[in-house]
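Open the model in your viewer and keep the selection box handy. We'll hop from one stop to the next, and at each one I'll tell you what to pick.

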Amino acid sequence: MAENHSLFFDAKSEPMEFTVTQIANMLGGQVSGDGNQPIVMLAKIQDAKKGQIAFLSNPKYEQFIYTTHASAVIVKKDFLPKKEIAPALILVDDPYSSFTVLLEEYHKLISFQKAGVEQPSFIGSNSTIGTGHYRGAFSYIGNDVKIGNNVKIYPHVYIGDQAVIGDNTILHTNVKLYADTRVGNNCIIHAGTVIGSDGFGFAPLADGTYKTIPQLGNVVIEDNVSIGANTVIDCATLFGDSTIIRQGVKLDNLIQIAHNVEVGKNTVIASQAGISGSTKIGENNMIAGQVGIAGHLVIANNTSIGAQAGISKAIKEEGQKVLGYPAFDIKEYFRSYAVFKRLPELNDRLRELEKKVSMIDSVSIDATSNGKHAD
Amino acid sequence: MAENHSLFFDAKSEPMEFTVTQIANMLGGQVSGDGNQPIVMLAKIQDAKKGQIAFLSNPKYEQFIYTTHASAVIVKKDFLPKKEIAPALILVDDPYSSFTVLLEEYHKLISFQKAGVEQPSFIGSNSTIGTGHYRGAFSYIGNDVKIGNNVKIYPHVYIGDQAVIGDNTILHTNVKLYADTRVGNNCIIHAGTVIGSDGFGFAPLADGTYKTIPQLGNVVIEDNVSIGANTVIDCATLFGDSTIIRQGVKLDNLIQIAHNVEVGKNTVIASQAGISGSTKIGENNMIAGQVGIAGHLVIANNTSIGAQAGISKAIKEEGQKVLGYPAFDIKEYFRSYAVFKRLPELNDRLRELEKKVSMIDSVSIDATSNGKHAD
Amino acid sequence: MAENHSLFFDAKSEPMEFTVTQIANMLGGQVSGDGNQPIVMLAKIQDAKKGQIAFLSNPKYEQFIYTTHASAVIVKKDFLPKKEIAPALILVDDPYSSFTVLLEEYHKLISFQKAGVEQPSFIGSNSTIGTGHYRGAFSYIGNDVKIGNNVKIYPHVYIGDQAVIGDNTILHTNVKLYADTRVGNNCIIHAGTVIGSDGFGFAPLADGTYKTIPQLGNVVIEDNVSIGANTVIDCATLFGDSTIIRQGVKLDNLIQIAHNVEVGKNTVIASQAGISGSTKIGENNMIAGQVGIAGHLVIANNTSIGAQAGISKAIKEEGQKVLGYPAFDIKEYFRSYAVFKRLPELNDRLRELEKKVSMIDSVSIDATSNGKHAD
């Protein structure tokens, strides 16, 4: 989200200004017009105001360059204005990708813009936190917590006892880490996500009630992991065991990761998918929305699982694409489904055939008899 | 939920009393019995106590009117008691709908009952809030936020920088609005819902890792929108773009709305449904629970999508009802599914037929030969 | 989750030490070696350090007993070391179940370890709370709330007005109870779960908009109920009515329970399942992940519903196992699905048969004619 409309910020979260020339240098472009104008924001060419920079890539939008209030516009280096234009131009090879570079720079800066400690916030005994951090109001840090440098802890975040968090990690508002959770470097976790809640473990008793199986493990999130909003990752069952999200994994919103699951490196899981207990997902999997995967399975690397599929047994061969419940090869699924849609017609044809065959049957027996009689 | 058992409240959140006669006037009914009794609460006739008002509509419940402790009962105007009765009566045309009117009045009042500011609560710099508001303890309002009149902000709500909220909107406990979110007038958002989290955008790199695509847009919620609990709505990807929930939309709990989605006017979406990125849902759609809709689709107005359906391509014609994955006409789905349930039988019949035909085939060839021989 | 690594805690949450002999007595085992060593933690034999106790059950792990740094190891009473060993031994009948006893004791202790009141926390007027409680920082308790003994309220918990909570119940961080919610004894509710939010009730109006139906009931959670993280349970619609979760029910994460639902005694519901409004689920049901159940249904006792199934009509007979959408007998589902996977082949066979029959048809008619001619 756009945390702030200002383009850049200094260490005190004050918006910083760059001149058009400074931005041109950043992009390896050339300035045409007044390079001393201050720029504080990015905008679309049709909406831009004074102090803002826009880009022109698609010729359809050329009309706007003659009316925009932008202070600068990034254009292709061979752009020739047909009329007089007000904004300064930054001439580059590819305006869209230059604008994207600016956007990414902007995003990185705003993500790490927040700094300092808002009050009231809570920090328990024996907890340490590195430099450059932000701790929002009403954030809670328990006892014996270790937090690295440049970590951003938004308001209402909860960090349980003995948790460990690496450098440059962002915990958005109301992220909840149960005690003993480990989060690596460069992770982003979005609002409302719960990490380390009890796995769903209950042993049936003779009287029909259930006994709770203690859940004593934790969750380990490695480096460069992104997790969406309101997702849940349960802790491992046994003391010393971990539910593990390997480096580079990207999880969307409202996902369920049960106890003792391991999600392999660089796997991407879309919204509302659920992985049952003790399943090991391979590396570089693509798991679509609302997929369900049963427990105690191993899923090979590079598996692609289509939306809403249900996986009920291990996938051993790498690189498969599957769909359906239980899931099988996606092309075969679609072929079967094409026939499924015509099943009433098939049924009619089968009945028709049965009638015919039953008629032929009697007739041909007659014929045969006749034939035999004819002998 | 029942925020308070008292029927009405004055500006200071103190319960207010009405007399039976005052309520009768409100409902356009007539009083039989003591109209001066004070009423402070609504109840069912079988549970009601002194100071409470009940209704009698279904004759099955008539027995309770002779034993109830209610101070008043709303009855049909031609109701003739068979025994002596204690409560005052309010005689109306339709007791159930009169009671409903009271319930609605009650609901409106309790919803807006909370007022004032509880401490500690946090409000950043340069933020404004209108009259008649409630700000619960531990609520957080960032910088440059604009909030209208009569807005109720429950405890643990988070409102990011530059957010804008209209009049008469209720944010229940722990609603989370990322920076720059817009919420209209007369909206209700339930507990734990996240609005404006990053869209799920990652570009694959050659080494198998993913690069995060900055998510710089926002979310716009128009007027008269209701959103359930623990739902997530992601922000748009590009700066200046919005994920849009149009006026009158009703969203249930645990729903996923991805980046750049637009949900059309008066569309209703039930629990645990998920809409993928950039899809445009038409107006007055009915989307049932656990439905999944793929990305970049356009869904026509007045579409009805059955529970757990998966939508993988655009729906262009208005007024369709669909089911299945991929979804198609709901009646056809049920016809196909009816045959699906008998597939083993169909398979057997097909096999049987194959046997017969293969027999007939040889026999009839014989017969034919015989016939031919007979020539 | 592992709230703390120390084995036992006294009333002030200080870790307590037990000697090896004390633990042996607890387990009814015998000590071999130094029984006076202090034990403060449980660990796996391969990871254990000084001051920790491990167990050896599977012979595969015997190697570790000769190298472990554990102060004590629980072993089978007939265990004969093949080399010299450092740790004290506790000799028991079944090391694994003895270790489990210890784990459970540990779990019980850590779950109730937290005590006292952290500040700032909020408690409204006229609310009472029993002895032995924990109220975390930023927890919110409204007015007229009644809370039993030994209740643990973690940081960021929200308890609305008039709520009632029994003894020995744990509300993990950020649990949200709307006003008037009832929670029984010995319940555990995990982080982010919402109880009592408005049911999804809207009446269509002539102009295409919807009128909100006031939701005035509450939620009742009976004793010994466990609820996972980020689950949502809506309140009942009518004043005086309740959505009810009966005793012993176990709910997983991200589940949707709609208004006026009743979940019967000892029923277990896995993650991301959704139950629609007014449905009554029987006792001892097993409902798997991502199941959807339509509204206004009655589901018999001892029903087992497979993952992702959709239930669209009542299940009247007890003890059924169902799958599919709409769900039917699970064995029949799998039989049908086995044929579904071969539908393209079936279709080909049917077409083949049609060709043959059409050929035979003409031939056999010829044959018949021939036969007739042969007469």
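Select helix α3 of chain B, residues 95-111, and colour P95(B), S98(B), F99(B), L102(B), Y106(B), H107(B) and I110(B), which are buried (20 or more other C-beta atoms within 10 Å of a residue's own; 12 or fewer is exposed, in between is partly exposed, with C-beta atoms placed from the backbone). Helices and strands here are DSSP runs (H or I of at least four residues for a helix, E of at least two for a strand), numbered from the N terminus. Before going on, keep in mind that this is a predicted model: local features need pLDDT of at least 70, side-chain atom pairs count only at pLDDT 80 or more, and totals for chains, interfaces and linings use all residues. Residues are numbered from 1 along each chain as its sequence is written, while chains are lettered from A and ligands numbered from 1 in the order in which they are written.

What do the buried residues of α3(B) pack against? Show α1 (20-27), β6 (41-42), β7 (52-55), β8 (72-76) and β9 (88-92) of chain B: those are the partners, with contact meaning C-beta atoms, placed from the backbone, within 7 Å. The helix has 17 residues and runs 24 Å from first C-alpha to last, close to the 24 Å expected at 1.5 Å a residue (1.5 Å times one less than the number of residues).

Now jump to α3 in chain A. The buried set there is P95(A), S98(A), F99(A), L102(A), Y106(A) and I110(A). These residues cover an arc of only 110 degrees around the axis (taken from the directions from the helix axis to the C-beta atoms), so they sit on the same side of α3(A). An α-helix has 3.6 residues a turn, so residues three or four places apart point the same way.

For a second helix with a buried side, pick α1 of chain C, residues 20-27, where V20(C), I23(C), A24(C) and L27(C) are buried. Their arc is only 105 degrees around the axis, which puts them on the same side of α1(C). Step just past α1(C) and you reach G28(C), with a positive phi of about 65 degrees.

Time to zoom out to the whole assembly. Chain B superposes on chain A by a rotation of 120 degrees with 0.1 Å of shift along its axis, RMSD 0.3 Å (least squares on C-alpha atoms of residues with pLDDT of at least 70 in both). The two copies are thus related as by a three-fold rotation axis. Chain C goes onto chain B by a rotation of 120 degrees with 0.0 Å of shift, RMSD 0.1 Å.

Next, select the interface between chains C and B: 63 residues of chain C and 60 residues of chain B take part. On the chain C side, β23 (194-197), β25 (210-212), α4 (330-340) and α5 (343-374) give two or more residues each, and α5(C) has the largest share, 14 residues. By class, this side of chain C has 31 nonpolar, 24 polar and eight charged residues (Ala, Val, Leu, Ile, Met, Phe, Trp, Tyr, Cys and Pro count as nonpolar; Asp, Glu, Lys and Arg as charged; the others, Gly among them, as polar).

Stay with α5, but in chain B, and centre on V357(B). Buried or exposed? With 22 C-beta neighbours inside 10 Å, V357(B) counts as buried. Leaving out residues up to four places away in sequence, V357(B) touches V357(A), L353(C), K356(C), V357(C) and I360(C).

Now the core. In the largest nonpolar core (buried Ala, Val, Leu, Ile, Met, Phe, Trp, Tyr and Cys residues joined through C-beta atoms within 7 Å), which has 219 residues, A309(A), A309(B) and A309(C) touch the most other members. Beyond residues up to four places away in sequence, A309(A) touches V291(A), V322(A), L323(A), G324(A), Y325(A) and A327(A).

Last, some backbone oddities. Y325(A) and P326(A) are joined by a cis peptide bond, omega about -10 degrees, and P326(A) is in the loop between β41 (321-323) and β42 (328-329) of chain A. In chain B, the bond between Y325(B) and P326(B) is cis too, with omega about -5 degrees. Q290(B), in the loop between β36 (286-287) and β37 (292-293) of chain B, has a positive phi near 65 degrees without being a glycine. Q290(B) is buried, with 28 other C-beta atoms within 10 Å.

Key
Contact = placed C-beta atoms within 7 Å.
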